[in-house]
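I opened the notebook with a short list of things to look up: the overall build, the domains, the ligand surroundings and one helix. The entries below keep that order.

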Amino acid sequence: MNTPETDKKADFDEAALFFHKYPTPGKLEIQATKPLGNQRDLALAYSPGVAAPCLAIRDDPDTAADYTARANLVGVVSNGSAVLGLGNIGPLASKPVMEGKAVLFKKFAGIDVFDIEIDAPEIHRMVETVAALEPTFGGINLEDIKAPECFEVEEQLKARMGIPVFHDDQHGTAIIVAAAVLNALELAGKDISKVKIVTSGAGAAALACLNLLVSLGAEIGNIWVTDRFGVAYKGRVDEMDRWKDPYVKDTEARTLADVIGGADVFLGLSAAGVLKPDLLHLMADKPLILALANPNPEIMPEAARAARPDAMICTGRSDFPNQVNNVLCFPYIFRGALDCGARAINEDMKMAAVRAIAALAREEPSDVAARAYSGETPIFGPDFLIPSPFDPRLILRIAPAVAKAACETGVANRPIADMAAYVEKLTRFVFRSGLIMKPIFSTAKAASAKRVVYADGEDERVLRAAQVVLEEGIAQPILIGRPQVIDARLERYGLRIRRGTDFDFINPEDDPRYRVYVDLLIELGGRRGVTPEAARNMVRTDNTVIAALAVKRGEAEAMICGLEGRFARHLRQVNLIIGPRPHITDHDLSTLSMLISQRGVLFLTDTYVTIDPSAEEIAEMTILAAEEIRRFGIEPKAALLSYSDFGSRDAESAQKMRKAAQILASRVPDLECDGEMHADSALSEALRQRVYPHSRLTGEANLLVFPSLDAANITLTALRTMLDALHVGPILLGTDKPAHILTPSVTSRGVVNMTALAVAEAAHKAQATLIETA
Ligand SMILES: NC(=O)C1=CN([C@@H]2O[C@H](COP(=O)(O)OP(=O)(O)OC[C@H]3O[C@@H](n4cnc5c(N)ncnc54)[C@H](OP(=O)(O)O)[C@@H]3O)[C@@H](O)[C@H]2O)C=CC1
Ligand SMILES: CC(=O)C(=O)O
Ligand SMILES: [Mg+2]
């Protein structure tokens, strides 16, 4: 029978299949890091030039780190014998998980990965295959290999290979579990040497967690292990092995129910639904429940919470608080290990990671944390035992701690001499990564007022986006569209959300507010040539007008339009009805475009509004753009671009940019900004230094300001295509209330991004008003 829950799951599964299939099957591709633009490049990259690095490496193998990608390349290796909690589904079926791990390595730590799925159920074949890959990789991450074979495989590979070999399901899981346990016990006021720990699962993950907890002070006598055959008791013959032996008990107890009484910690690393709610009352005071099976935990958090309101609850999933998942560990432990050329990941390095993660959750909320979590600044407590996987501080804390431990224990081939410079380098990586949208989504989720009205409420992209923003709690959509069309399309696209129950709507053909909207438009436009007749016509025919009026009347916090029709027409209506914010004239509205690519994040202004802005207008748009960029947690560095490089040419457009730079220097002396300059001077400090060593701009500019709309828009579209970048925008700057005019090429994902941005902007404005009126 179909229930809302099964329908939701089917939808989600379908979305996951679609996500994996389009636009290109899978989640990965290989990219060249060197241009092969001409004959000479080809000669350098391949024959004959390639012989030089080959011979250098033959003479000194360590130089492979200088001449190849090896030092930043990890092999994620599986035989598919214990894939998540799905069991032995084989190497081919494990590939999506391994590609997924690869993407996480790249996203969170900038590490490149080849996923290697090996058809080798036997230990010997697995070991021989992986050991033979040593020349390829800087490290090996073993993944989803079942116990007890995984222990043998790892032991043998560690003994044979001179690079880190790390079984993620064992040690990545153990590190994050240990951090969560340490923090939970501190909150519960319990001593690790006295707590009773009961597991469900005695496989790779569970046993490694127990071993690490024992090295942190847990008593073996207080630990009870159970698996599919029940308690690991003395005399049991089924599924026993030498790795379980230390935890075997001389006991009559046989089942999880027999041993869970008085337990302080339940450690589930087994399978879905194993922990029944009626067992929870047997557990000790303030128990810690780690229900970590993926994708479905041993007990769902709501059921655990209902049975034991005093419990601290963790799962492996991202849709509940306290996600205890090895993704919080493996990207960063490898980052630290690779960066110092570690030959192994030893116990000290693992312990350093445990302590860094545990300490991070307890840190006083800092500026960085506030930006990372935005509206929901985390405070150490039962629902925040460990940091979220999106916390940008993870890499900044774990990687240096691990590298330091590697250097101190003598396993680093390339010890890090300047730790402060290393942390600075990692900080730059954080800003380059796509984590940039995270603060915006957090603010939107935490916002109390989040109604967004969509002018193009019948458009497929808007309907799909509406479902996502509702599900993610980003916004409360109001769709403008004919009810029967919206309903039919929701049905056709297989979307679950429903008009009336899930979202409000405005029917442009017949809405009770029609009169009020017309009156308001006459009031706003009367002195700007809008006759009553024209006003009636506009409300009847133009959804952008309705959206803007709804925002003006306070029926929504923000509006999105522009999926059809010309930008200028939408802008006219927004300008007329919502208008510029105080102290800004309607000539000063401008747009900011953000491009997110492998190369990093780049902002461009003004990409859509003013054809030939004056120096004053350029200064204004730069100030507005800088303000917006700071909301992403980034300090703006603005370059005013021209065909002239620091006075090399003197045409009117060059003078204009020079003058804008002067205005900015006096109006906002704190803004790092300079001009006029070439685009390459903006993006390369070395080039800039050569032309003009005294520039106020340091490093790489992240905000490019253009002398004309032609230049800005051409650059935007060229860069977007060439870098295969994600365009977030255009972000309309200077309006009194958030109103964004998208472009016809926007995707549904683009609509979601811009919705989050609009809600975050509204929350920011509401906050600013509160402060002003306080
Ligand atoms: N949150 C996280 O970060 C991580 C979560 N996990 C999850 O932990 C689970 C185990 O992974 P892993 O250790 O790598 O796999 P293994 O195959 O090595 O171990 C699985 C263990 O779970 C036991 N088990 C399976 N089904 C049941 C059941 N119905 N009742 C009791 N015990 C059961 C198995 O017992 P038997 O040997 O008797 O079959 C075995 O001891 C998976 O669900 C995985 O997704 C793993 C790593 C990280
Ligand atoms: C998270 C993980 O590695 C697993 O569930 O297997
Ligand atoms: Mg795994």
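What follows is my record of each look-up in turn.

**Entry 1, overall build.** I noted at the outset that I am working with a predicted model. I counted through the secondary structure and found 30 helices and 21 strands in the protein. The radius of gyration is 29 Å, close to the 28 Å that the globule rule gives for 774 residues, so I wrote the protein down as being as compact as a globular protein of that length. Along the principal axes, I recorded a span of about 95 × 70 × 50 Å for the C-alpha trace. I then looked up burial, and of the 774 residues 46% are buried. Turning to contacts with a separation of 6 or more, I found that 71% of them join residues 24 or more positions apart.

**Entry 2, domains.** The domain assignment, which I took as it stands, gives domain 1 as 171-327, domain 2 as 329-432, domain 3 as 442-577 and domain 4 as 588-734. For domain 3 and domain 4 I looked up the separation of their centres, taken over C-alpha atoms, and it is 32 Å.

**Entry 3, ligand 1.** I found 29 residues surrounding ligand 1, and I listed A82, G85, G203, R228 and G316 as the closest. Which helix gives the largest share of this shell? It is α10, with three residues, and both α9 (168-188) and α10 (204-215) supply at least two each. Sorting the shell by class, I have 14 nonpolar, ten polar and five charged residues.

**Entry 4, ligand 2.** Around ligand 2 I listed L84, D144, D168, D169, N294, G316, N325 and N326. By class, this shell divides into one nonpolar, four polar and three charged residues. I marked G316 in my notes, since the residue appears among those surrounding ligand 2 and also among the closest to ligand 1.

**Entry 5, helix α22.** I chose α22 (residues 532-541) for a closer look and found that A535, M538 and V539 are buried. Why do I say that they line one face of the helix? Seen down the axis of α22, the buried residues fall within an arc of 95°, and therefore they line one face. On the face turned away from that buried side I found the exposed residues E533 and T541. Finally, I looked up what the buried residues of α22 pack against, and the partners are α21 (514-525) and α23 (543-552).

How values were computed. Residues are numbered from 1 along each chain as its sequence is written. Chains are lettered from A and ligands numbered from 1 in the order in which they are written. This is a predicted model: local features need pLDDT of at least 70, side-chain atom pairs count only at pLDDT 80 or more; totals for chains, interfaces and linings use all residues. A residue is near a molecule or strand if its C-beta atom, placed from the backbone, lies within 6 Å of it. Ala, Val, Leu, Ile, Met, Phe, Trp, Tyr, Cys and Pro count as nonpolar, Asp, Glu, Lys and Arg as charged, and the others, Gly among them, as polar. A residue is buried if 20 or more other C-beta atoms lie within 10 Å of its own, exposed if 12 or fewer, and partly exposed in between; C-beta atoms are placed from the backbone. Helices (H or I, at least four residues) and strands (E, at least two) are DSSP runs, numbered from the N terminus. The arc is that of the directions from the helix axis to the C-beta atoms. Two residues are in contact if their C-beta atoms, placed from the backbone, lie within 7 Å. Domain bounds come from an automatic or database domain assignment. The radius of gyration is taken over C-alpha atoms; the globule rule is 2.2 Å times the number of residues to the power 0.38.
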